[in-house]
Structure formats: structure tokens, C-alpha cells
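Got your viewer open and a selection box handy? Let's walk through a few stops, one selection at a time.

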Amino acid sequence: MKSVTVASTAVMSLAAIVLFSYVGLERTGPLLVAAICAVIVGVFSFTWTKISDLPASLSMGFVTLVAGLGAIVAALNAPPQQSLTYFAVFVVAGLALTFLVQLFRGTGAAQRLYSVTAGAAASFIAASTSGWVAVERLGTNDSNSPLTFLVGIGVVAAVLVCCIRWPDRIIAPLAIVTAALISGLAAIAFVSVPPWHAMVFSAVAAAITASCRAVFITEGGADTRSAAIAFGLTPIMMSGALVYFAERLVIG
């Protein structure tokens, strides 16, 4: 049942990002995407600690929230072609705040190294969500370009493939290939987007989705619904920054 929660959370969060990118006009689109990304970061910030049941979960959640919201605001206000200029700054800020939390909380000393590592990873994931805002602000995505929609189709296909109970060595390449093919075929209907662009970006996001599935299985699944929600949000959040950097490399 928790696997259903993971998959449905991933699909619904991605659908919300795609929907909000289409609802807004050229000027309001990034603002609406930033709003839904802020909600996603807020939910993730106070659910990811349930995965490993870390001590000082509330403090760690606030650190993750600061890193994620800071990166989103920076991506919204930076120049369009440099939206993730301050991405690393907020990841490092999250790491520094995590060190401070572990230094002053005074309990669970045996778990401090693990908590710092987990907190740094959570800050990176939260800050990566700002990539969806940066993608929306790129010139290739203004005027309601279907590129975000096409990537979304590919990721949904990857999520559905990851629901199949086969070994990772089969599911990972199958998810990547399926996402790329479906996104590429859908791109044929949109003259404004070359099919190979959609295929590349969908393959990148699908690789993240397959990797998160492997971690989910390695951890033995989710013990609580909150942990399942965090697992479901993780691949969507991480895909934001990676899709942005892939677009910058391929399109410029």
C-alpha cells in the first residue's frame, strides 16, 4: 500500500507543476510554479525525517525548508539564463545550519554524523526543486512551451514502469527507454519542440526516478505514510535542477 502512496505522490506533484506552468501567462507562469514548488518543499521538509526517524526532526525540517524556499526565491529573481546561480549557496547554507543543529541539540550523539549526511542530502533535494522555476523561466519554455509537459509525460511513464516488481537491473534501463520514447513520440505533435530534446530531458528525469526506486527498495520500503510521501516527492524535486542543467547544455 505504501508503494501506491509513493507512486501517486510523485504523479500528483509532477502534474501540479505541469498544470501551474500552463495556467499562468508568460509573466505569472514562473510565479505559480514557484508557489507549487514551495508547497512541495514544505511537505517534504517535515516528512523526510520519518524515513530514518532522525532525532530533532522538527529542527532538521526547518533547515530543509530554509534551503528549499531560499533557492526558489533566488531562482525566481535571478536573471532568466542564470536562475540557478545561487543554487549551491543555499545547499551549503543548509549544510551549515545542519551542522549547527547537530552541534547544539545535545542528544543522539551517536547519530550525528548520519544526521548531518542526511540533512545535507535533504537540503540538496529541497534546493533542486527550484530547478522547475528555472526551467519555466528559460526562453525555450516561455509562451507556454510544451517542453515541461513532455518531460512530465516521460516521468509519469517512468513512475509507472518503476511500479513493476522486477529487479533494478531490468527496471532502470526500461524506465529510461520508455520515458524517452513516449516523450519523443508525444513531441511529434508539437512542432515547436524537437523530439530528441524531449527524449534527452525525459531520460534524465527517468534516471533519477529509477535511482530513487532503488533506494526505496534498499531501505525496505516506507514504514509510515509520511515516509512514503517523502520518497514520492524526492525524484520529482531532484529532476528540477537536473532537467534545467540538461536544457542549458543541450539548448544553451
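## Stop one: Val4 and its helix

Start by selecting Val4, which sits in helix H1. Keep in mind as you go that this is a predicted model. Is Val4 buried or exposed? Its relative accessibility is 52%, and the cut-off for exposed is over 50%, so Val4 counts as exposed. Now add Ile229 to the selection and draw a distance between the two C-alpha atoms: you should get 10.0 Å, for residues that are 225 apart along the chain.

## Stop two: H1 against H10

Widen the selection to helix H1 (residues 2-23) and helix H10 (residues 225-250). Two packed helices are described by the angle between their axes and the distance between the axes. Here the angle is about 45° and the axes lie 8 Å apart, so H1 and H10 are oblique to each other. The crossing of H1 past H10 is right-handed.

Want to see who does the touching? On the H1 side, show Lys2, Thr5, Val6, Thr9, Ala10, Ser13, Leu14 and Ile17. On the H10 side, show Arg225, Ala228, Ile229, Phe231, Gly232, Leu233 and Ile236. Colour this contact by class and you'll find nine nonpolar, four polar and two charged residues.

## Stop three: H4 against H5

Next, pick helix H4 (residues 87-104) and helix H5 (residues 112-128). Their axes come within 9 Å and cross at roughly 150°. Angles over 145 degrees count as roughly antiparallel, so that is the label for H4 and H5. This crossing is right-handed.

For the contact, H4 brings Phe87, Val91, Gly94, Leu95, Thr98, Phe99, Gln102 and Leu103. H5 answers with Arg112, Ser115, Val116, Gly119, Ala120, Ser123, Phe124, Ala127 and Ser128. By class, the H4 and H5 contact has nine nonpolar, seven polar and one charged residues.

## Stop four: the salt bridge

Side chains of opposite charge can pair when their charged atoms come close. How many salt bridges does the count come to? One. To see a salt bridge, select Asp168 and Arg213 and look for the closest N and O atoms, which are 2.4 Å apart. Asp168 belongs to helix H8 (residues 168-187) and Arg213 to helix H9 (residues 195-218), so the pair links distant parts of the chain, 45 residues apart.

Finish by switching on a surface. Asp168, at 31% relative accessibility, counts as partly exposed, while Arg213, at 10%, counts as buried.

Technical notes
Residues are numbered from 1 along each chain as its sequence is written. This is a predicted model: local features need pLDDT of at least 70, side-chain atom pairs count only at pLDDT 80 or more; totals for chains, interfaces and linings use all residues. Side-chain values use heavy atoms; hydrogens and water are left out. Axes are lines fitted to C-alpha atoms, for helices over the stretch in contact, and angles run from 0 to 180 degrees between N-to-C directions. Helices (H or I, at least four residues) and strands (E, at least two) are DSSP runs, numbered from the N terminus. Angles under 35 degrees count as roughly parallel, over 145 as roughly antiparallel, 65 to 115 as roughly perpendicular and the rest as oblique. A crossing is left-handed if the near helix is turned anticlockwise from the far one by less than a right angle, and right-handed if clockwise. Contact means heavy atoms within 4.5 Å. Ala, Val, Leu, Ile, Met, Phe, Trp, Tyr, Cys and Pro count as nonpolar, Asp, Glu, Lys and Arg as charged, and the others, Gly among them, as polar. A salt bridge is a side-chain nitrogen of Lys or Arg within 4 Å of a carboxyl oxygen of Asp or Glu. Buried means under 20% relative accessible area, exposed over 50%, partly exposed in between (1.4 Å probe, protein chains only).
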